Amino acid sequence: MPKEYMDEYEPLLKKGIKDKKRLKLPNISLLLAVFAACVGGTFQYGYNISVINAPTMYVQSFINRTWMERYQTNISQEGLTLLWSTIVSMFTLGGLIGASLGGTLSVKLGRRGTLLTNNAFSLMAALLMGISSTAGSFELLIIGRLLSGINAGIALCVQPLYLGEIAPTALRGATGMGTSVFITGGILTGQVMGLKEILGKEEYWPILLSTTCIPAFMQLLILPWFPESPRFLLIDKGDEDGCKKALRQLHGLADSDGAFEDIEKERNNLVGFQAKKPWELFGDRSLRWQLLTIILLNTAQQLNGINAIYFYADYVFRQSGIPIDKIPYATVGTGACECLTALTCGMLIECLGRKVLIMGGYILMSICSVFFTLTLTFQDVSPVFPYLSMACVFAFILSFGLGPGGVTNILTTELFTQTARPAAFIIAGSVNWLSFFFISLVFPFIVIGLQQYCFLVFLGVCTSVATYIFFFIPETKNKTFVEIQNEFQSSKKNKFSSSDGAGTILLSTSI
């Protein structure tokens with residue numbers, strides 16, 4: 001064993017196991033960088049999803065009043081529904097636009113630079129929605145929601161990229177969980193801010209919608225104090241000094257040299273390769289299983305039934321005897337439940353690994369789908385069934401937060417190396433937003449046609465995804481990006497060597 005290695009670890013051997021564990025704790029600078037990236041990133045995504053629900057009646061009243069002032073007649077119910085649906089759905093359209101822009105911007109401006117620039121969309125959205133009532137223009141709400149969606153789409157694409165690239169290998173999963181924790185934190189905060197005791201009254205709705213500027217200002221104040229992604233600096237820009245400086249700040253002096261060596265190995269492995277475009281990934285057979293995996297996981301993240309659970313939550317709460325005026329507080333309980341589960345997943349992910357958590361989450365969601373179908377079917381048979389349904393709601397949310405809600409973005413980061421990762425996030429983000437739009441469009445018809453049996457559809461989705469994860473996705477815990485790439489390809493080579501001899505060579509070709 002080299003002398004310098006012994007010199008570095010001799011104090012650790014003397015102090016014992018406690019000090020070993022202490023070295024695994026993240027650097028305070030890394031934690032602050034994660035907070036800075038997330039508070040103006042995916043926190044806004046969660047916040048803007050939930051904050052629009054509380055002022056629904058007030059915004060519709062504003063639209064009706066504005067229509068009357070303009071045209072001296074009340075708007076039809078169909079017209080009002082169409083305008084409200086447009087305001088809500090513009091967020092999804094903006095998200096799709098943002099997802100298609102995020103990967104390209106992250107290569108041009110850098111990961112941190114893109115996150116900072118992205119706040120322009122949030123600030124403009126807050127301004128337009130805040131003055132919409134005074135200006136008497138519901139069109140400003142439509143544009144504001146579109147801009148909020150673009151902000152969320154870029155953040156969902158670039159923030160996990162940044163977190164995955166600034167974290168040490170041993171903490172990459174826990175750091176990546178910041179995405180899920182802050183999404184659920186944003187949802188919970190939006191629910192709380194919409195309560196009548198805070199900004200949930202009619203006269204406050206423009207202020208409520210404009211509060212999205214607060215996390216944007218926080219990120220603009222904090223994130224500039226932290227460095228760009230070390231991987232981006234070395235591999236994309238060739239800035240060795242900048243990379244070393246960033247690693248010292250984020251990982252600490254003791255761990256920065258080892259991290260630099262890992263990044264340098266990845267750079268050497270990618271000599272001569274340019275950042276890939278999304279369509280180039282589809283043509284690269286060495287990446288076909290990674291690509292199939294992220295497409296499947298991001299589609300399943302929206303089609304696994306979590307949206308249906310929130311749809312049924314109000315009905316279940318009413319059936320359980322909760323007064324209508326108290327249901328918003330029960331809804332806050334579901335947000336708090338998901339947030340706490342995301343935090344729990346963050347603490348477990350480096351212990352149990354990604355595969356166990358995401359597969360276990362889908363298995364538990366499958367079980368919950370069966371029980372929820374049964375409890376809804378027998379809702380009127382016994383007074384106990386509404387309470388069992390309510391338990392199923394919270395169990396389903398817990399299962400989702402424990403695995404699929406948090407691990408999906410981490411796997412998108414880990415299954416690709418530097419040149420393919422931004423394009424992979426464009427594809428993953430686009431699939432996620434398109435699935436979000438699809439389920440929003442189709443789900444009402446599924447409910448009308450199947451009623452409570454719609455959860456049997458989600459049962460099929462969850463069991464299929466759990467089966468795929470078990471057979472085809474390797475564990476990525478404590479492995480470098482190059483090691484994950486090699487293991488993923490070698491596992492596919494072993495599985496398909498007997499049936500795809502020509503493809504085997506391509507699958508095992510290192511990128």
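The following exercises, with worked solutions, concern a predicted model of a protein chain.

**Exercise 1. Overall form**

Task: Determine how many helices and strands the protein chain has, and how its radius of gyration relates to the globule rule.

Solution.
- Step 1. The secondary structure consists of 26 helices and zero strands.
- Step 2. The radius of gyration is 24 Å, and the globule rule gives 24 Å for 511 residues, so the chain is as compact as a globular protein of that length.
- Step 3. The C-alpha trace spans about 80 × 50 × 50 Å along the principal axes.
- Step 4. Of the 511 residues, 54% count as buried.
- Step 5. Among contacts with a separation of 6 or more, 82% come from residues 24 or more positions apart.

**Exercise 2. Surface and charge**

Task: State what share of the accessible surface belongs to carbon and sulfur atoms, and how many positive and negative side chains there are.

Solution.
- Step 1. The accessible surface comes to about 22,200 Å², with 67% belonging to carbon and sulfur atoms.
- Step 2. There are 38 positive and 35 negative side chains, and the centres of these two sets lie 3 Å apart.

**Exercise 3. Backbone angles in two loops**

Task: Locate Q72 and Q451 in the chain, and classify Q72 as buried or exposed.

Solution.
- Step 1. Most residues other than glycine have a negative phi.
- Step 2. Q72 has a positive phi, near 55°, and lies in the loop between α5 (56-71) and α6 (77-108).
- Step 3. The relative accessible area of Q72 is 59%; this value is over 50%, so Q72 is exposed.
- Step 4. Q451 also has a positive phi, about 55°, and its place is the loop between α23 (421-450) and α24 (454-472).
- Step 5. Q451 has 48% relative accessibility and therefore counts as partly exposed.

**Exercise 4. Salt bridges**

Task: For the salt bridges R111 to E165, E264 to R267 and E266 to R421, establish where the partners lie and which residues form a network.

Solution.
- Step 1. The structure holds twelve salt bridges.
- Step 2. R111 and E165 meet at 2.9 Å, N to O; R111 belongs to helix α7 and E165 to helix α8, 54 residues apart. Both residues are buried.
- Step 3. E264 and R267 meet at 3.5 Å, N to O, and both lie in helix α15, three residues apart, about one turn of the helix. E264 is partly exposed at 24%, as is R267 at 21%.
- Step 4. E266 and R421 meet at 3.8 Å, N to O; this pair links helix α15 to helix α23, 155 residues apart. E266 is buried at 1% relative accessibility, and R421 is buried at 0%.
- Step 5. Salt bridges with shared partners join R111, E165, R231, E266 and R421 into one network.

Conventions:
Residues are numbered from 1 along each chain as its sequence is written. This is a predicted model: local features need pLDDT of at least 70, side-chain atom pairs count only at pLDDT 80 or more; totals for chains, interfaces and linings use all residues. Side-chain values use heavy atoms; hydrogens and water are left out. Helices (H or I, at least four residues) and strands (E, at least two) are DSSP runs, numbered from the N terminus. The radius of gyration is taken over C-alpha atoms; the globule rule is 2.2 Å times the number of residues to the power 0.38. Buried means under 20% relative accessible area, exposed over 50%, partly exposed in between (1.4 Å probe, protein chains only). Contact means heavy atoms within 4.5 Å. Accessible areas come from the Shrake-Rupley method with a 1.4 Å probe; for residues, only the protein chains shown count as cover. Lys and Arg count as positive and Asp and Glu as negative; His and the chain ends are not counted. The place of a charge is taken as NZ of Lys, CZ of Arg, CG of Asp or CD of Glu. A salt bridge is a side-chain nitrogen of Lys or Arg within 4 Å of a carboxyl oxygen of Asp or Glu.
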